Amino acid sequence: MSDEKMKITLHVWRQKGPSAPGELKTYKVDNVNPHMSFLEMLDVLNEELLQKNEDPIAFDHDCREGICGMCSMVVNGRPHGPRKATTTCQLHMRSFKSGDEIYIEPWRAKAFPIIKDLMVDRSAFDRIIASGGYVAVHTGGAPDANALPIGKKDADEAFDYAACIGCGACVAACPNASAMLFVGAKVAHLGKLPQGEVERRSRVLNMVHTMDTEGFGACTNHGECSASCPKEIPLEAIMTLNRDYARASFSGDE
Amino acid sequence: MSAPKKTAKRGLAGLMDSTIGAKILMALTGFVLVGFVVQHMVMNLQLYAGPEALNSYAHNLKHMMGGGFVWGGRAFLLACIAIHIQMAMKLTNRNRDARPQRYAAGQRTQVTSYAAQFMALTGVVILLFVIYHLLHFTGGVVQPDNFHVLDAEGRHDVWRMVVTSFKDPATSIAYIVANIALAFHLSHSVTSMFATLGLQSGRYRPILAKVGPAIAAFVLLGNLSFPISVLAGLVHI
Amino acid sequence: MELNARIPAGPISEKWDKHRFELKLVNPANKRKFKIIVVGSGLAGGSAAATLAELGYDVDCFCFQDSPRRAHSIAAQGGINAAKNYPNDGDSIYRLFYDTVKGGDYRAREANVYRLAQISNNIIDQCVAQGVPFAREYGGMLANRSFGGAQVSRTFYARGQTGQQLLLGAYSALERMIGAGKVKMHPRTEMLDLVLVDGHARGIVTRNLITGAIESWAADAVILATGGYGNVFYLSTNAMGSNVTASYRCYKRGAGFANPCFTQIHPTCIPVSGDYQSKLTLMSESLRNDGRVWVPKKAEDCRKRPREIPEEDRDYYLERKYPAFGNLVPRDVASRAAKEAVDSGRSVLAGSPAVYLDFGNAIRRDGEDAIRDRYGNLFDMYERISGENPYETPMRIYPAVHYTMGGLWVDYNLMSTIPGLHVLGEANFSDHGANRLGASALMQGLADGYFVIPYTIGHYLATAKQPKVSTDHAAFKAAEEAVKGRLKRLLSVGGDKSVDYFHRTLGVDILWEYCGMARNEAGLKKALQLIPELRERFWKEIRVPGSASELNIWLEKAGRVADFLEFAEILCLDALNREESCGGHFREEHQTADGEAKRDDHKFAYGAVWEYKGDNQAPALNKEQLSFEYVKLATRNYA
């Protein structure tokens with residue numbers, strides 16, 4: 001491990017508010033330790049901006065261990081940066097080298113309006129879930145957990161889809177800002193389990209309707225979403241979504 | 001407990017309203033058009049069998065069901081093309097609107113193929129070519145001298161028309177360019193069609209991923225062989 | 001301060017049933033007339049908000065994150081306990097109850113823990129019905145694994161992401177109610193004060209983190225589910241936003257704060273690598289099943305490459321000191337042993353404390369593939385963060401603050417000393433005593449939210465009979481003014497030091513140093529002298545740029561750190577007062593000859609509940625005496 005300090009030039013998207021114009025501003029950060037996480041490097045920059053009485057860079061982050069899904073920035077043209085299956089908060093500066101220029105931008109999508117700088121409003125995802133991304137069971141009165149056996153393979157596959165952290169990298173990566181992978185992951189997760197079967201048709205119809213209303217683009221089957229997903233949700237999710245949607249549309253009853 | 005709000009339109013109306021429905025329409029019409037393109041190429045291979053084969057095939061086709069088959073087919077294909085284009089425009093506009101502000105520093109794609117990236121462009125090239133091709137070999141508006149030729153039995157001499165036309169390098173190049181665009185279009189769209197229908201799934205996924213490029217290559221080789229054979233003098237009058 | 005725990009009479013196994021029957025009910029048609037505020041949307045808050053809305057109450061739910069799905073419950077890795085006894089290995093409700101009280105080093109309330117064990121089974125049923133993809137056996141049945149502090153396999157899990165999957169289950173139930181218009185969700189909104197009218201909790205004052213707007217919300221009852229205060233140590237495994245503000249504001253409004261010194265240090269975290277470090281990452285406890293913990297015997301070997309140090313020069317100190325349990329001793333014991341090794345000058349990381357967790361033996365024994373199969377994702381995570389390949393070189397680990405057992409005092413109904421203010425999950429103090437066993441935090445959060453509060457809050461609403469209030473009430477206006485005044489004060493200091501400087505000094509230089517894994521009287525007194533000094537400097541030297549009427553990340557942090565600076569003092573006072581060692585609280589003066597924790601049940605079998613007495617007054621100590629009728633008090637022994 002090298003402990004040499006790195007010098008990094010950052011070009012960061014700065015935008016005061018949702019309708020204000022934005023621009024890339026350049027900052028030089030010296031003394032970057034390669035063991036720093038990417039967000040810690042931004043912390044250091046914000047500390048420097050504070051000393052200069054400049055507005056800090058606003059960005060979303062919380063758990064900093066890759067699971068809450070809050071961090072959201074496009075680093076050098078890729079959501080969450082260059083490392084596969086890694087959120088920005090788990091990205092470390094050793095993935096870069098001294099003298100590098102790094103471009104940082106927010107997720108860009110009509111459905112994710114910019115709040116400030118790198119922060120975007122992802123409540124569209126919540127509204128999609130609210131429209132059907134659940135099993136409508138009341139608390140209490142559930143049958144014994146082992147009353148309904150579920151094959152290990154199905155349970156494991158359901159987990160693969162359920163691992164989605166709702167960060168929105170799929171939308172940011174998609175050339176059309178489509179949310180198909182996010183919606184597909186939930187539809188496929190619940191579709192793999194018998195518990196999700198009852199509402200299978202209404203769920204997919206309602207979720208896709210909300211997805212369309214929120215202004216996400218359509219899928220053109222490029223696969224960028226899955227390639228950028230920090231949890232590596234498989235493209236198979238979109239296949240399930242397409243199949244379920246067609247089947248639900250063509251079958252009359254619910 | 002309250003039932004979930006029924007926000008979505010149901011049935012076909014809902015399907016038509018949605019992005020996935022539009023994609024399904026594109027896939028289904030695309031399926032028809034791909035089928036047509038493939039059989040068109042295969043049938044044209046009769047060029048190599050000489051004037052008699054091709055001209056009699058063309059003659060029979062034209063007079064099948066008193067001409068009704070051809071006209072019915074044309075109408076159906078035209079409708080498919082119209083729907084395909086309308087949905088493509090609708091979705092392309094929507095997709096553009098979905099990201100009103102592009103990435104200032106550009107976007108780095110990881111898995112997108114060239115074919116996928118230029119679908120709209122290759123689509124437009126194909127449309128222009130189809131118009132030209134119809135004016136050329138179906139309507140006889142372009143190069144009418146090559147078109148209005150009859151063979152010994154008084155049938156439209158399709159074979160001669162094709163060979164004379166391709167002798168002109170400019171015409172051949174137009175056909176070659178258009179067919180390269182078509183191949184790109186097919187290579188993404190055929191696989192994408194299966195994906196949209198939710199079929200590119202499970203163990204079929206890797207197989208279907210190759211079907212698009214395979215069909216594209218097949219059609220491209222066949223279609224390019226015509227002008228090239230003529231230019232190279234392998235097929236001559 | 002009156003501390004009536006309201007524990008129902010009768011045999012322990014019948015208390016909850018009997019109590020549920022005795023609780024007053026709210027007529028279904030009347031439920032919608034009651035507004036309930038839920039602050040926090042994690043396992044406890046999310047499940048409570050969803051369930052109360054299902055019952056028909058009018059619910060407003062608040063969280064500071066951008067979505068309720070991001071609450072820090074999501075980061076829990078290991079699993080959730082339940083007394084299902086599916087493996088048929090001798091588990092029962094009684095055994096889960098017994099293990100949990102014992103694991104908590106006999107500082108929890110028996111009746112609460114018994115109820116928790118009873119409810120544990122319903123939680124698993126409920127979560128499975130929601131579609132939580134728990135691990136399963138090939139026959140389709142749920143899989144269980146064992147966890148620290150238990151001799152049965154009772155832990156249900158979803159790979160290493162159990163917290164995430166349970167939270168997404170609660171979140172989906174919550175979103176369903178939001179979609180149905182029964183819950184109004186307020187994300188990116190931080191609670192800054194509690195409003196009391198006639199002594200009852202009747203609402204909160206919040207700040208909209210986007211616009212800066214200060215708003216009041218009136219209700220018939222308030223539920224606090226705002227998590228723990230581990231971030232008072234600056235470096236912890238908590239999320240960056242986790243804070244004590246909501247709990248502390250309630251404390252200042254009269255809610256008793258119980259056992260703040262009970263903090264849990266998790267032994268296997270990735271060590272600090274530099275001053276810029278913002279948080280610590282936990283590595284699952286399961287790693288100690290195959291990893292061996294060691295440091296070099298000689299301090300001068302510490303800079304050598306670990307593979308170059310021969311076996312005979314290594315000190316496998318856990319195996320040496322605790323031959324029976326070896327590397328699998330409980331969290332608190334493993335953590336203290338690591339500190340002892342480092343304090344003897346044998347840290348294996350330059351400039352920072354760390355010990356080795358070595359998989360060399362396991363890899364030689366079982367092969368790299370077998371180890372990859374068991375811990376692959378954890379090894380990947382370690383590699384991502386440290387840049388070192390743990391298949392080739394031992395991991396470096398060190399303990400870190402992880403969970404806080406202390407919290408606002410609540411009675412059996414989960415109500416604090418303020419009528420109408422209910423506290424759930426990690427924010428309350430009720431179930432874990434002085435030490436929390438693995439896989440029981442998730443159990444408690446969901447038990448409180450899904451299965452306790454829906455019953456007990458109805459009783460409060462049916463019996464409190466308070467008149468309706470609106471936010472026009474003078475108490476709201478006064479609270480709003482106080483909040484605004486405080487923000488203004490923070491903005492107007494105009495010093496030159498950042499919030500992080502004060503937070504780091506408080507957490508790392510004072511609390512971790514003097515009130516961390518091992519505490520003593522002199523150190524705690526020193527801390528109690530340093531904290532007010534630092535607080536004074538904070539209010540003179542802090543720089544908070546910008547204004548209160550906009551998104552202002554420095555202002556958000558400053559408000560939280562200002563509260564930590566006050567709260568830290570109660571934490572140290574509590575640690576000083578508790579002259580015994582128990583669970584996560586280790587007083588060096590109170591240890592056995594071989595360095596083990598020595599409890600004093602005679603003097604300290606009580607919950608220490610601190611009562612706010614005014615800004616420049618020492619808080620008053622109240623005691624809730626604990627009685628143990630079912631569990632036999634014994635010394636924990638792992639040697």
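Between chain A and chain B, 35 residue pairs are in polar contact, counting pairs with both residues at pLDDT 80 or more. The model is a predicted one, and the account below starts with this A–B interface. Salt bridges don't feature here: the count between chain A and chain B is zero. Several elements of chain A give two or more residues to the side that touches chain B, namely strand 1 (6–15), strand 5 (101–105), helix 4 (169–173), helix 6 (200–213), helix 7 (224–228) and helix 8 (236–250). Helix 8 of chain A hands over the largest share, nine residues. Sorted by type, the residues on this side of chain A come out as 28 nonpolar, 17 polar and nine charged.

As for overall extent, 54 residues of chain A are in contact with 48 residues of chain B. Putting the two chains together buries about 4100 Å², and carbon and sulfur atoms give 50% of that area. On the chain A side, the residues that lose the most area to chain B are A:Arg108, A:His222 and A:Glu224, which together make up 13% of what that side buries.

A:Arg108 deserves its own look. This arginine sits in the loop between strand 5 and strand 6 (114–116) of chain A. Its relative accessibility is just 3%, so A:Arg108 counts as buried, the cut-off being under 20%. Setting aside neighbours within four places in sequence, A:Arg108 is in contact with residues of its own chain, A:Trp13, A:Ile114 and A:Ala177. From chain B, the contacts of A:Arg108 are B:Arg99, B:Gln101, B:Arg102, B:Tyr103 and B:Ala104.

Within chain A there is another interface to consider. The chain is divided into domain 1 (6–105) and domain 2 (122–251), and the C-alpha centres of these domains lie 30 Å apart. Here, 15 residues of domain 1 are in contact with twelve residues of domain 2. The two domains of chain A bury about 910 Å² between them, with 54% of it on carbon and sulfur atoms. A good part of the domain 1 contribution comes down to A:Gly69, A:Pro79 and A:Ala85, which supply 43% of the area that domain 1 buries against domain 2, more than any other three residues.

Across this domain interface of chain A, the rule finds two salt bridges. A:Asp60 forms a salt bridge with A:Arg122, and the closest N and O atoms of that pair are 3.7 Å apart. Polar contacts between domain 1 and domain 2 of chain A come to four residue pairs, again with both residues at pLDDT 80 or more. The side of domain 1 that touches domain 2 splits into seven nonpolar, six polar and two charged residues.

Over in chain C, one asparagine is worth a stop. C:Asn552 lies in the loop between helix 15 (521–541) and helix 16 (553–577) of chain C. With 4% relative accessibility, under the 20% cut-off, C:Asn552 counts as buried. Its side chain reaches two backbone atoms: the oxygen of C:Pro545 at 2.9 Å and the nitrogen of C:Leu555 at 3.0 Å. Apart from neighbours within four places in sequence, C:Asn552 is in contact with C:Arg207, C:Leu209, C:Leu491, C:Pro545, C:Gly546 and C:Ser547. C:Pro545 thus turns up both as a contact of C:Asn552 and as the residue whose backbone oxygen the asparagine side chain reaches. As for C:Val197, that residue is 355 residues away from C:Asn552 along the chain, and the C-alpha atoms of the pair are separated by 31 Å.

Methods: Residues are numbered from 1 along each chain as its sequence is written. Chains are lettered from A and ligands numbered from 1 in the order in which they are written. This is a predicted model: local features need pLDDT of at least 70, side-chain atom pairs count only at pLDDT 80 or more; totals for chains, interfaces and linings use all residues. Side-chain values use heavy atoms; hydrogens and water are left out. Helices (H or I, at least four residues) and strands (E, at least two) are DSSP runs, numbered from the N terminus. Buried means under 20% relative accessible area, exposed over 50%, partly exposed in between (1.4 Å probe, protein chains only). Contact means heavy atoms within 4.5 Å. A polar contact is a pair of N or O atoms within 3.5 Å; within protein, one must be able to donate a hydrogen and the other to accept it, and residues adjacent in sequence count only if both atoms are side-chain atoms. Buried area is the accessible area (1.4 Å probe) that two parts lose on being put together, summed over both. A salt bridge is a side-chain nitrogen of Lys or Arg within 4 Å of a carboxyl oxygen of Asp or Glu. Ala, Val, Leu, Ile, Met, Phe, Trp, Tyr, Cys and Pro count as nonpolar, Asp, Glu, Lys and Arg as charged, and the others, Gly among them, as polar. Domain bounds come from an automatic or database domain assignment.
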